[in-house]
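Colleague: I would like to take a close look at one small part of a structure with you. Could you walk me through it slowly, as you would for someone in their first year?

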Number of protein chains: 4
Amino acid sequence: MTQRIAIIGASGYTGAELIRLIATHPSFEIKALAANSKAGQTMAQVFPHLRHLDLPALVTWEEIDFDGIDLCFCALPHKTSQEVISKLPGHLKIVDLSADFRLRDPADYGKWYGNPHAAEEMQKEAVYGLTEFYRDDIRGARLVAGTGCNAATGQFALRPLISAGVIGLDDIILDLKCGVSGAGRSLKENLLHAELSEGTNAYAVGGTHRHLGEFDQEFSKLAGRDVRVQFTPHLLPMNRGILATAYVSGEADAVHDALTRAYADEPFLEVLPMGETPSTHHVRGSNFCHIGVTGDRIPGRAIVVAALDNLTKGSSGQAVQNANLMLGVDETAGLMLAPCFP
Amino acid sequence: MTQRIAIIGASGYTGAELIRLIATHPSFEIKALAANSKAGQTMAQVFPHLRHLDLPALVTWEEIDFDGIDLCFCALPHKTSQEVISKLPGHLKIVDLSADFRLRDPADYGKWYGNPHAAEEMQKEAVYGLTEFYRDDIRGARLVAGTGCNAATGQFALRPLISAGVIGLDDIILDLKCGVSGAGRSLKENLLHAELSEGTNAYAVGGTHRHLGEFDQEFSKLAGRDVRVQFTPHLLPMNRGILATAYVSGEADAVHDALTRAYADEPFLEVLPMGETPSTHHVRGSNFCHIGVTGDRIPGRAIVVAALDNLTKGSSGQAVQNANLMLGVDETAGLMLAPCFP
Amino acid sequence: MTQRIAIIGASGYTGAELIRLIATHPSFEIKALAANSKAGQTMAQVFPHLRHLDLPALVTWEEIDFDGIDLCFCALPHKTSQEVISKLPGHLKIVDLSADFRLRDPADYGKWYGNPHAAEEMQKEAVYGLTEFYRDDIRGARLVAGTGCNAATGQFALRPLISAGVIGLDDIILDLKCGVSGAGRSLKENLLHAELSEGTNAYAVGGTHRHLGEFDQEFSKLAGRDVRVQFTPHLLPMNRGILATAYVSGEADAVHDALTRAYADEPFLEVLPMGETPSTHHVRGSNFCHIGVTGDRIPGRAIVVAALDNLTKGSSGQAVQNANLMLGVDETAGLMLAPCFP
Amino acid sequence: MTQRIAIIGASGYTGAELIRLIATHPSFEIKALAANSKAGQTMAQVFPHLRHLDLPALVTWEEIDFDGIDLCFCALPHKTSQEVISKLPGHLKIVDLSADFRLRDPADYGKWYGNPHAAEEMQKEAVYGLTEFYRDDIRGARLVAGTGCNAATGQFALRPLISAGVIGLDDIILDLKCGVSGAGRSLKENLLHAELSEGTNAYAVGGTHRHLGEFDQEFSKLAGRDVRVQFTPHLLPMNRGILATAYVSGEADAVHDALTRAYADEPFLEVLPMGETPSTHHVRGSNFCHIGVTGDRIPGRAIVVAALDNLTKGSSGQAVQNANLMLGVDETAGLMLAPCFP
């Protein structure tokens, strides 16, 4: 049975990535595309790489007739997203890719995003969209909140270790290396090719990145106590990919074992043989996440490295995976595209 | 019905690209993978981006039992390819990705490749694999010779113009901009990141590039007279993509019209609206070729620009497209992957 | 004797490149830096790579006391530049890096730039700043108009050939490959890393690029008749560098000979041995231009390839070279920095 | 007075970088260049970006007449370096860029490099070449051992903190992001553009990188007790640059203060204002190192980030700086080149 899909916010990178994935999805059909700032344009104008597809032209989201839609992806900026979603019809299943429904406590949202939440009631029914850990809730959810791409990467590396109790909770360090598409299609000086290529820098240093709200929420819930990690993202001269290097105290064998067992049946999470390290090259354009574990020369210290594509497994691929669950479709439908290397 | 596939030369980039495409092909199944220099290794070792696939380990091509194989892709270097192919069993359908069977006249082969042809008899039955122009021959062929990636790009831009007689034949200039994966996974100093990134240069300047053998053969056949184009490739700091800029004498409207009519029903060849120009960004990782036409300020001069992905439409995607025809499968099967942008 | 220098438009890439070069210039001292949109900021804020230098803070150009200035570089956008320059004091030597005084005929300016010229009187005294060909005029000039970076590259490849009468004038084709810094520090979607890296496209196709005004003016003057070249620029995923591939009719030996003789005593123009081709990698960050000549397999056709760094020899290096002449300093002062490779 | 310079190992990247720097050095003159594998070639053939220089052709090192040489840079691979240096004449001042004389204890050398030291006697007189910390010893030395590029970056970030006692010594983590030129001009698959661009990975994970030998030696000596840091390098798609992110326990203010005081008079080490972070973009091609400090949201934790160019401040620039000291020349001579941005 064909599922009728709408996308709001189709003119950004996560919107384009949703369309790329749905283009070869066996049971999804795109019925409406909205981008208020570019309403009236065709997708071929906004994203020429999608010109071969027979897609509806862009409209404003208010123009969409949601009666004929089964599920709506919302790929808007945070704050705008909650305002729009709160006005969508109640029958509609929604996968939100913004930050607006990720934090369960509206006070946390206010703290990290700087504005009061405009749809607190809807927050209560939102399910956190880290598929592999909230699968059952997602199946029955009406509103799923996609995770931050950095937050997903770090959690894939660390959640099973916290659950299994094989690492210390007070000295976790997450050093992330991030491709630039995570910043979206926004016109900022530091995102220009001339400013970014052939160099790197840290940003949001010192515990100010908003995805820390997710780490705090999720790791603390898992551990049953407050957990505060150190997290420093770095901007790299590449378009796609996040590599998370996690420094933990714990025995590497126990760490590797906990990950291997946790992900044994996961179609998209691959734990490498002990001592091997993943590369973002090898997951580019795909929904896979590769994870490697190595022990350090210092006894009792281990390094866990996780690699995924921020636009796919980190956002739009995750969103499709969640939509599959919500619509009763095979969870991997449309998502088995092999990584594009080189 | 599942088609049983073997790949010889699976450890190079075109081999990996074949596997990437076949990974989501609805009716192909990989039964054997050969790479004599890496026999005994797994594909996860040779190409970690394919580790999620359940693939046979690498063997030598001599070890393959071809009784259980319907079609064999041969992605070997030229010269080696003809030696191996001449020893393969006669029932086997073969798509060769090397240069060995592209030139119909063995003397041309000797001239451009510097060694006598070792399988002249087989050359006689080989069909030139530019799908859109040899479709009927390919359907019935046992051996199809994949084209050069540069040769494909230039021909997509120019063949309909020569056929329609809308351009002059004596002053065609093809200036190509090529990504580095076309050079394969070979260890050469000029292919190192440190030597290649952030700069560009021409190579094989002056009419020495081997793909000229294909241009000469095909354009002369089409025109019914000798045609010799000027062709200069340039190496660009990017992994995938060829952009061909063709300078021709002719009226832009007639040029655009000839291309539009020729490709009206082609699933992979997209002619842009008059005056628009394509980008390799917008075909990356896909089997599509975008073509644009612009008139020059100088009356009677036009510019045709064609963009494709050298690993996909320029070689492995073309190979799968040809294999689909040879095996009676839908021509686009496995090839509708949307380009991966950004 | 120290020459006192001011730079107006110091917050753009050509402004920063001027400062980089002057940083190790033996007799220039920067006395004032203006950037009206960033007045009040320090250069360390605007360009952190210059933080080790003891530079004046940014002011508006109106705040500069020009009594203490010997020469002023003006690195403003076109149109703004002529408005500002027309108000500068009459004693001041000026090197303008914009397009405003390049075209001698104000009608040409209006045609290519779309607005009437606001300082026609000053245009009359402006000298075209292609140093190697206007050296004597530049020495005595008060106002020198820096050339377009593409215009410089094409002229280095072609001027001696037109002068020597060794090529045809009616079928010259210039195919340029350009790094992105030529577009400046402007916030445009197509200049984002995510849009630009790993791909290429043509732009201003069909004879619409403004640097054609310079080609027309200079080549026609040289030839004593109208000359109209075909010129297509391409945007490449690299920050610095222009590679010009010129397709001409003529004998390669005569072409090589004309270039070799013309540039025999030039400190910055290097003609490679016959048959060798230059690379933008090998001139990056320097004031050098490398030029190579190759004959084509088609008799009577030759290819000339020129490579330079658009920010150095193509604009700010040329500007310093001209300033050296205007101030009676050794022409190469501050400009012998070796290219930065890799 | 002109200092007569020889370079052994001139065909690698650090050799080329030495020549680039010496090209505008006011008192160094290159008298001999050796590269045994490329003896007989010119530097224009081996490194075309140096073609404008009037350089001696490459010879074997055995052919050099060292009587006319004041100082010799040795840019050979480790192991080869000690064999060659042990045969050089006793009067010669030597700056070695290899790893061969960095570790004072030959047992340490054997442990990290896997072969016994072939010149233990010479090791005794070698001075560790981290200029800012061994300045006086270097002035009087005959043999100076250049540091590892990673080792230099980490030490610039951490030495003053260990000396001042403002950080804990048992939980130091160094996460490094490294450009590819640090791996040299070697033909390895993972250094190909197609394998490296647009992605990243960790390597030598778990405490196996050889530069740890230097960290252990130097930090332990400073602290007066054994110090073992965790150090994980990552390969980034960029040619030049190292960014070291150091995670330490300590008060950020005290950390910033210790660095600021230690480097107050250093010409090449720039401590940024509290809370700012450096970028490798802003030191590219220069001898500068930028260092930033930020406190974490977790009390008592700080992050120190250091950025330098591995080929300049990390090796060849450091080597020239040391040579300046050894020859009684101004320490900054030839090294004030501004970074090349963009």
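Is A:Ala204 buried, partly exposed or exposed, and why does it count that way?

Modeller: Happy to! Please keep in mind that this is a predicted model. A:Ala204 counts as partly exposed, because its relative accessibility is 25%, and the partly exposed class lies between under 20% for buried and over 50% for exposed. You can find A:Ala204 in the loop that runs between β9 (201-202) and α9 (212-223) of chain A. Its backbone deserves a glance too: phi is positive, about 50 degrees, even though A:Ala204 is not a glycine.

Now let us step back and see the chain around this residue. Chain A contains 11 helices and 14 strands. Its C-alpha atoms fill a box of roughly 60 × 45 × 40 Å along the principal axes. For 342 residues, a compact globule would have a radius of gyration near 20 Å, and the 19 Å of chain A agrees with that. Of the 342 residues in chain A, 67% are buried. Among the contacts with a separation of 6 or more, 70% link residues 24 or more positions apart.

The surface of chain A can be described as well. About 10,200 Å² is exposed, and 48% of this comes from carbon and sulfur atoms. Chain A has 29 positive and 40 negative charges, and the mean positions of the two sets are 2 Å apart.

The domain assignment divides chain A into domain 1 (3-147 + 313-326) and domain 2 (150-310). Where these two parts of chain A touch, domain 1 contributes 26 residues and domain 2 contributes 35 residues. The C-alpha centres of domain 1 and domain 2 of chain A are 24 Å apart.

A useful companion to A:Ala204 is D:Glu198. This residue also has a positive phi without being a glycine, here near 65 degrees. D:Glu198 sits in the loop between α8 (193-196) and β9 (201-202) of chain D. With a relative accessible area of 8%, D:Glu198 is buried.

Another loop residue to visit is B:Pro48, between α2 (43-46) and β3 (58-59) of chain B. B:Pro48 is partly exposed, because its relative accessibility is 21%. Apart from neighbours within four places in sequence, B:Pro48 touches A:His282, A:His290 and B:Met43. Its C-alpha atom is 38 Å from that of B:Glu120, which lies 72 residues away along the chain.

For a look at a helix, turn to α6 (residues 131-139) of chain C. There C:Thr131, C:Glu132, C:Tyr134, C:Arg135 and C:Ile138 are buried. The buried residues of this helix pack against several elements of chain C, including β7 (143-145), α7 (149-164), α9 (212-223) and α11.

Finally, follow two of the chains past α11. In chain B, the peptide bond from B:Phe341 to B:Pro342 is cis, with omega near 0 degrees, and B:Pro342 belongs to the segment after α11 (312-326). In chain C, a cis peptide bond joins C:Phe341 and C:Pro342, with omega about -5 degrees. C:Pro342 lies in the segment after α11 (312-326) of chain C.

Definitions and conventions
Residues are numbered from 1 along each chain as its sequence is written. Chains are lettered from A and ligands numbered from 1 in the order in which they are written. This is a predicted model: local features need pLDDT of at least 70, side-chain atom pairs count only at pLDDT 80 or more; totals for chains, interfaces and linings use all residues. Side-chain values use heavy atoms; hydrogens and water are left out. Helices (H or I, at least four residues) and strands (E, at least two) are DSSP runs, numbered from the N terminus. The radius of gyration is taken over C-alpha atoms; the globule rule is 2.2 Å times the number of residues to the power 0.38. Buried means under 20% relative accessible area, exposed over 50%, partly exposed in between (1.4 Å probe, protein chains only). Contact means heavy atoms within 4.5 Å. Accessible areas come from the Shrake-Rupley method with a 1.4 Å probe; for residues, only the protein chains shown count as cover. Lys and Arg count as positive and Asp and Glu as negative; His and the chain ends are not counted. The place of a charge is taken as NZ of Lys, CZ of Arg, CG of Asp or CD of Glu. Domain bounds come from an automatic or database domain assignment.
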